[in-house]
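Biologist: Could you take me through one part of this protein slowly, as you would for someone in their first year? I would like a close look at the cysteine link, and then at how its surroundings fit into the whole.

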Amino acid sequence: MLQSFAHYGCHFLLPLAIALLFYKSNWKMAYLIMLAAFVIDLDHLLATPVFDSNRCSIGFHPLHSSFAITFYIFLLVPKKSRLIALGLVIHILSDLVDCSFM
């Protein structure tokens, strides 16, 4: 229960807090853009089984690899890619929280 709350809380509440704090005038759009980072979970479809509650996503799935994570961090630098990069980095941090419970 605590694991699910921490994982999904980070996935949904952390982007909301960042949108409200740093993108006050356009927080809804900022929040939706950051949530769009969930698209990186499509790489779970490449795994067999697709979902394994005892598997850490970080380092297992291609879009959760150290190479991809490094790319997401570099995407934080340009202003045009910052919101999606924030969503991607928050997504990875949320998955790390999930992995820490394993």
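Modeller: Happy to! The link between C56 and C99 is right-handed, with 95° about the S-S bond. C56 sits in the loop between α2 and α3, while C99 belongs to helix α4, so the pair ties together parts that are 43 residues apart in sequence. Please keep in mind that this is a predicted model, and that the numbers I give you are computed from it.

Let us stay with the two partners for a moment. The S to S distance in the disulfide that joins C56 to C99 is 1.8 Å. How exposed or buried is each end? C56 counts as partly exposed because its relative accessibility is 24%. C99 has a relative accessible area of 15%, and since buried means under 20%, C99 is buried. So the link has a partly exposed end at C56 and a buried end at C99.

You may now wonder how many disulfides there are. The structure holds one. There is also C10 to think about: its sulfur has its closest cysteine sulfur in C99, but the 12 Å between them is too far for a bond. For comparison with the cysteines above, C10 counts as partly exposed, at 22% relative accessibility.

Next, follow the loop that carries C56. This loop runs between α2, residues 27–35, and α3, residues 66–74, and V50 is part of it. P49 has its place in the loop between α2 and α3 too. Look at the peptide bond leading from T48 into P49: the bond is cis, with an omega near -5°. Just after P49 comes V50, which is partly exposed because its relative accessible area is 43%. V50 also helps to make a nonpolar surface patch, together with V39, L42, L45 and F51, and this patch covers about 540 Å².

Now go to the other end of the link and walk along the helix that carries C99. Helix α4 spans residues 82–100, and L88 lies in it. Is L88 buried or exposed? L88 counts as buried, because its relative accessibility is 8%. Which residues does L88 touch, if we leave aside its neighbours within four places in sequence? L88 is in contact with A37, I40, Y72 and L75. Being far along the chain is a separate matter from being far in space, and L88 lets you compare the two: L88 and L20 are 68 residues apart in sequence, and their C-alpha atoms are 18 Å apart.

Two other residues make a nice contrast with L88. F74 lies in helix α3 and counts as exposed, because its relative accessibility is 57%. From F74 to I18 there are 56 residues in sequence and 19 Å in space, C-alpha to C-alpha. K24 is found in the loop between α1, residues 2–22, and α2. K24 is exposed, with a relative accessible area of 61%. K24 and L96 are 72 residues apart in sequence, and 28 Å separates their C-alpha atoms.

Finally, let us step back and place these parts in the whole. The protein has four helices and zero strands, and from the N terminus on its elements run α-α-α-α. The radius of gyration is 14 Å, close to the 13 Å that the globule rule gives for 102 residues, so the protein is as compact as a globular protein of that length. Along the principal axes, the C-alpha trace spans about 40 × 30 × 20 Å. Buried residues, L88 and C99 among them, make up 37% of the 102 residues. If you take the contacts between residues at least 6 apart in sequence, 55% of them join residues at least 24 apart. As for the outside, the accessible surface comes to about 6600 Å², and 73% of this surface belongs to carbon and sulfur atoms.

If you remember one picture, let it be the link we started from: C56 in the loop between α2 and α3, joined to C99 in helix α4.

Conventions
Residues numbered from 1 in each chain as written. Predicted model: local features only at pLDDT ≥ 70, side-chain atom pairs only at ≥ 80, totals over all residues. Heavy atoms only, no water. Patch = residues over 30% accessible without salt bridge, like charges linked within 9 Å, V, L, I, M, F, W, Y side chains within 5 Å. Areas by Shrake-Rupley, 256 points an atom, 1.4 Å probe, with all protein chains shown as cover. Salt bridge = Lys/Arg side-chain N within 4 Å of Asp/Glu carboxyl O. Helix = DSSP H or I, 4+ residues; strand = E, 2+ residues; numbered from the N terminus. Buried < 20%, exposed > 50% of the residue type's maximum accessible area, 1.4 Å probe, protein only. Contact = heavy atoms within 4.5 Å. Rg over C-alpha atoms; globule rule 2.2 N^0.38 Å. Disulfide = S-S within 2.5 Å.
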